[in-house]
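Student: Please take one part of this structure and look at it closely with me, starting from a single place in the chain. I would like a slow and connected explanation rather than a list.

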Amino acid sequence: MNLLHIGDVVGSAGSQFLQEKLPAIKRQYKVNMTVVNGENSAQGNGITRHSMEQIFSAGADVITTGNQCFKRREALPIYDNPVVLRPANYPDGCVGHGVCTVDYGPFHVAVLNLSGTAYMDPLDNPFTVVEMLLDEIETPNILVDFHAEATAEKKAMGFFLAGRVTAVVGTHTHVQTADETILSGHTGYLTDVGMTGPEESILGVEIKPALDRFRFHFPTRFTEGTSACFLNGVLIGFDEKCGKCTKIQRLIIR
């Protein structure tokens, strides 16, 4: 089975580019399941019902998020959808859920969304939470979207889950890394899958206001980039009988 994970979709431009490119990508690479991180997919940051619908209409099967999942309060009802996830290590009682299982008949595929805590919000320990959740998931086919800032924390999670899940894919930094590998001969790993949105930008926003923030240290209003878009993703091939990753390939589509 081929699973495609697409990196953080940024703004309306990224959402539209996804709609334009994803159908052909799925045909070309014979993709059976698509997971898209959509936490920045709304114009002005966060995710809304409109941007969620854009991502699903493009061909996504599951949407993951991260630290911006509740940026837009009007979007809280979207987390009633069983295949729209927020990080599982948010506190008990929080709206939404952090894991879903998609039924493909003879087998199932679980997607688990986690947030890191190094340089991020002080949520529950993601290592403790994932340990508990693995005991509850009844399929060996498990993709983990680890939305984290620190590369060391992402690497640690990869080794922590090596041999126990199909793949651990990092999101959040919007910069695709070049360290794809298969850990312990079983678990696909990539520190960060990257982003989908304006390429000539600073993480998807216009260069000047982002640059001014660093230069002058005063508040600036970020605006969505206007350059041509690109799409970052990772293709994960695995044996659905045992959840073993057999190939991992980064994608950059311009």
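**From one loop residue outwards**

Tutor: Tyrosine 119 sits in the loop that lies between E6 and H3, and we can start there, keeping in mind that everything we look at belongs to a predicted model. The backbone of tyrosine 119 has a phi near 60°, which is a positive value in a residue that is not glycine. To see what makes this worth a pause, recall that most residues other than glycine have a negative phi. The relative accessible area of tyrosine 119 is 73%, and since anything over 50% counts as exposed, this residue is exposed.

A second loop residue can be described in a similar way. Serine 184 lies in the loop between E9 and E10, and its phi, near 55°, is again positive in a residue other than glycine. With a relative accessibility of 62%, serine 184 also counts as exposed.

The elements beside these two loops lead us to a helix. The buried residues of H4 pack against E6, H3, E7, E8, E9 and E10, so the strands and the helix that flank our two loops are among the partners of H4. Helix H4 covers residues 151-161, and its buried residues are Glu153, Lys154, Met157, Gly158 and Leu161. If you look down the axis of H4, these buried residues fall within an arc of 145°, and therefore they line one face of the helix. On the other side of H4 you will find Ala152 and Phe159, which are exposed. After the helix comes glycine 163, with a positive phi near 85°.

Now turn to H3, which comes after the loop of tyrosine 119. Helix H3, residues 126-136, contributes 4 residues to the lining of the second largest pocket, and no element gives more. The volume of this second largest pocket is about 200 Å³. Its lining is made of 14 residues, and those closest to its centre are Ala88, Tyr90, Asp92, Val129 and Leu133. Sorted by character, the lining of the second largest pocket holds 7 nonpolar, 3 polar and 4 charged residues.

It helps to set the largest pocket beside it, with a volume of about 760 Å³. Here 25 residues form the lining, and Asn40, Asn45, Leu203, Val205 and Phe222 are the closest to the centre. Helix H5, residues 207-216, gives the most to this lining, with 3 residues. The lining of the largest pocket divides into 8 nonpolar, 11 polar and 6 charged residues.

From the pockets we can move to an enclosed space. The structure holds 1 cavity of 30 Å³ or more, and the largest cavity contains about 40 Å³ of space. The residues that line it are Leu3, Val109, Asn141, Ile142, Leu143, Thr166, Ala167, Ile236 and Phe238. Two or more of the lining residues come from E7 and from E12, a strand that spans residues 229-239. By character, 7 residues of this lining are nonpolar and 2 are polar, with no charged ones.

Strand E12 deserves the last part of our look. Of its 11 residues, 10 are buried, so E12 is largely enclosed by the rest of the structure. Strand E1, residues 2-6, pairs with E12 in the antiparallel sense over 5 bridges, and asparagine 2 stands opposite glycine 237 of E12. Strand E11, residues 195-198, also pairs with E12 in the antiparallel sense, over 3 bridges, and there threonine 196 stands opposite leucine 231. Strand E13, residues 244-253, is joined to E12 by 9 bridges and runs antiparallel to it, with lysine 244 in E13 as the bridge partner of aspartate 239. E12 and E13 form a hairpin with 4 residues between them, and in that turn glycine 243 has a positive phi of about 80°.

That brings us back to where we began: a positive phi belongs to glycine 243 in the hairpin turn and to glycine 163 after H4, while tyrosine 119 and serine 184 show a positive phi in residues other than glycine.

Note on methods. Residues are numbered from 1 along each chain as its sequence is written. This is a predicted model: local features need pLDDT of at least 70, side-chain atom pairs count only at pLDDT 80 or more; totals for chains, interfaces and linings use all residues. Side-chain values use heavy atoms; hydrogens and water are left out. On a 1 Å grid over the protein atoms alone, a cavity is a set of points where a 1.4 Å probe fits but cannot get out, and a pocket is an open set with protein on both sides within 12 Å along at least five of seven lines; lining residues have an atom within 4 Å of a point. Grid points are joined across faces, edges and corners, and a volume is the space filled by probe spheres set on the points. Ala, Val, Leu, Ile, Met, Phe, Trp, Tyr, Cys and Pro count as nonpolar, Asp, Glu, Lys and Arg as charged, and the others, Gly among them, as polar. Buried means under 20% relative accessible area, exposed over 50%, partly exposed in between (1.4 Å probe, protein chains only). The arc is that of the directions from the helix axis to the C-beta atoms. Contact means heavy atoms within 4.5 Å. Two strands pair if DSSP finds at least two bridges between them.
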